[in-house]
Structures are given as C-alpha cells and as structure tokens.
Amino acid sequence: MPIEEAKLGDVAALIARQQRRARERSPVVPDALAHPAVAEALLREFLAHGYIGRVAIASDAPVGVLMGRPDGSSASLPAAGFSMAASSPDPTRLLAELYGDLAPALLERGARRHYLSHLDIPATVQAVTDLGFARMAYCAIRPVGVLPHRVPERRGVEVREGSADDLEVVARLCMVEIDYRYVSPIYSPRPTHEATMDEVIESHRRLERNGGAHLIATLDGEDVGVLTLDMTNDAPGLCPHDQPFLGETATVAHARGRGVGSALVEAAVQWAAERNHPGLTVSFQPANRTSRRFWLGAGFEPTGFWTVRTIPESYV
C-alpha cells in the first residue's frame, strides 16, 4: 500500500527494530533511528520533501517499507526509508513486492536510475542483490578512539590544515583522485561535463564555508596529498549526522607507499576529536582496490552500501 495509507508510527517502529538489529552486529551503526520517535520524524520529513513510498502489510502490521524520491532521471532510495522485518521468511520476495510497486511510480516521473542504500544485514544484502542492484560504494565509519589495523611509518610526512590560500593546491591534488575513478577496473561513468580547475576550486571554497576543512600533506617540501572533511553530507541510517564525511582523498603517484595517506587520516581523526565529533565517515568503491584496502586497514568498518539499478530506456 502507499505509505500515506499506513500508520507512520508502526512503520517507524519497524525501522527502529532494524536499526537496533544492525547495531547488534556492529556498534558503529548510527543509533538515532533506533528510536521510533526519531524514525517517525524522519519519515514525515521525507514525505514533506517529495518522497513516495510503499508499505507491505502482514497480519495487520507493517513488515516492509521502501521509499524513494525522483529527481530528474534518477531516484534516491535511502537506507532510512527501507526496512524489512527480521521475521520475513523470504526477504527477496518481500523486497520484490515493495520495489515492484514503487518502481513504476518512479518511472512515471522520469527516474530511470535508482540509487538504493541499505544497512549491512545479510538478508537485506541478499535481497538487494537478487533484485539486480549493483553495489557501487561502501559506507564505513571509524570512531575517534579506534586505532588503525596497521600504522606505516610516516617518514617525513607533515600535515597542515589548508587555508583559503591553499585552494588551488587542494583542487590540483583532488583532480588526482577524480581522474583515478575512470581507470580499470573501476570505470566510473564519465560526466557529460568535466569540471574545470576553477569549478573544482569553487566547490572546495563552498565546502570550507559550510564548516568543512582540507588537510594537506607535505613530503620533502612538496605538497603531495590531500584529505577533505565535509560537514554537509548526510545519509540517515548509514552515517551519523554529527561527524565529518571524508571526501576526496589522494596522494600523488610518486609519493605513495610512504605513509602519506595514513598521516592524513590520523590528522583527520585528531581534527574530529578536537571538535568533539564521535568519528569519521567515508565512502569508497568496491572496485577500487587501493581504496578498499586502505580504508579497511585504516580502521573503518562498513555500516552499509550504496547500490544502483538502471531501468532500460524502453520502459520509460
């Protein structure tokens, strides 16, 4: 049924139970949505901002919910609006019923690429995969008190917080990470418009105006690495709202293997701790061999995933 016809309090309780279940598996999972009142407030906020949703009912109680918001040719289906009861005997069938009813409504509004995020719960992972969604990114968290799994030597690496005078340096180093997205085996889709240096500089100027920061690593007198701290990225259910999100992070090729990345991460942890943030959040692509090994080794633990499914044009 449409979510508007369901009792939001009961749907919120379903979401809260799933969040608590996820926290039993991993304590780094955000705890806000484990409270039904918080979950219900967020559901109402979703509905007020153009989300549509479907609820599955069994024995007069909700057993599944899936929400999405169309935005041009794509739609966002957030983890905070997606839940399935642990008692479901066939999660794949349940998700098929929810998505099978929601997808046509998204297509009617022109949304053909559906981005679904979800918690790292085995039954959910299996159901999402069974429906043809491809995993495109991890969401992972490191609390400030957690140590990395390995601590390579820094060997002369110095880290400083960038200022407005460093934005050109930041943009140049961030372009290293952006270019890496298109190599094998990652093959991220290239945008129709490649960002210019001036546009990259302006985007990072906005990041700083919104409370973010840039950390720059120097080796032998040369700026060789960057890490961005963004305070505006928010994915309820996967990422706590009160901690920085790590954006572009890169080391120039000739300086890799000398502890630059590790020095940047530890400086970011200290930056967060000094501002009383509980931890750091990062996303990285499974196909990016370097990123996956680096972030997991740096003490980040996955809470969930972003996935995507593209509906063929013939169905629009």
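These exercises work through the cores and salt bridges of a predicted model.

**Exercise 1.** Which residues have the most contacts inside the largest nonpolar core, and which helix gives the most to this core?

Solution.
- Start with the residues. The core has 42 residues, and those with the most contacts inside it are Leu43, Val65, Leu66, Leu77, Leu95 and Tyr99.
- Next, the elements. Those that each supply at least two residues include helix H1 (8-25), helix H2 (36-48), strand E2 (61-71) and helix H3 (91-108).
- H3 gives the most, with nine residues.

**Exercise 2.** With which residues is Tyr99 in contact, leaving aside its neighbours within four places in sequence?

Solution.
- Set those neighbours aside. Tyr99 then touches Leu66, Leu77, Pro104, His114, Leu131, Phe133, Arg309 and Ile311.
- Now turn to the second core. This separate core has 36 residues, among them Ala140, Leu215, Leu219 and Leu229.

**Exercise 3.** Which parts does the salt bridge between Asp101 and Arg54 tie together?

Solution.
- Take the pair itself. The side chains of Asp101 and Arg54 meet at 3.2 Å, N to O.
- Place each partner. Asp101 lies in helix H3 and Arg54 in strand E1, so the bridge ties together parts 47 residues apart in sequence.
- Check Arg54. Its relative accessibility is 15%, and buried means under 20%, so Arg54 is buried.
- Check Asp101. At 37% relative accessibility, Asp101 is partly exposed.

**Exercise 4.** Is Arg209 buried or exposed?

Solution.
- Find its partner. Arg209 forms a salt bridge with Glu202 (3.3 Å, N to O).
- Apply the cut-off. Exposed means over 50%. Arg209 has 54% relative accessibility, so Arg209 is exposed.
- Glu202, at 27%, is partly exposed.

Note on methods
Residues are numbered from 1 along each chain as its sequence is written. This is a predicted model: local features need pLDDT of at least 70, side-chain atom pairs count only at pLDDT 80 or more; totals for chains, interfaces and linings use all residues. Side-chain values use heavy atoms; hydrogens and water are left out. A nonpolar core is a set of buried Ala, Val, Leu, Ile, Met, Phe, Trp, Tyr and Cys residues joined through side-chain atoms within 4.5 Å. Buried means under 20% relative accessible area, exposed over 50%, partly exposed in between (1.4 Å probe, protein chains only). Helices (H or I, at least four residues) and strands (E, at least two) are DSSP runs, numbered from the N terminus. Contact means heavy atoms within 4.5 Å. A salt bridge is a side-chain nitrogen of Lys or Arg within 4 Å of a carboxyl oxygen of Asp or Glu.
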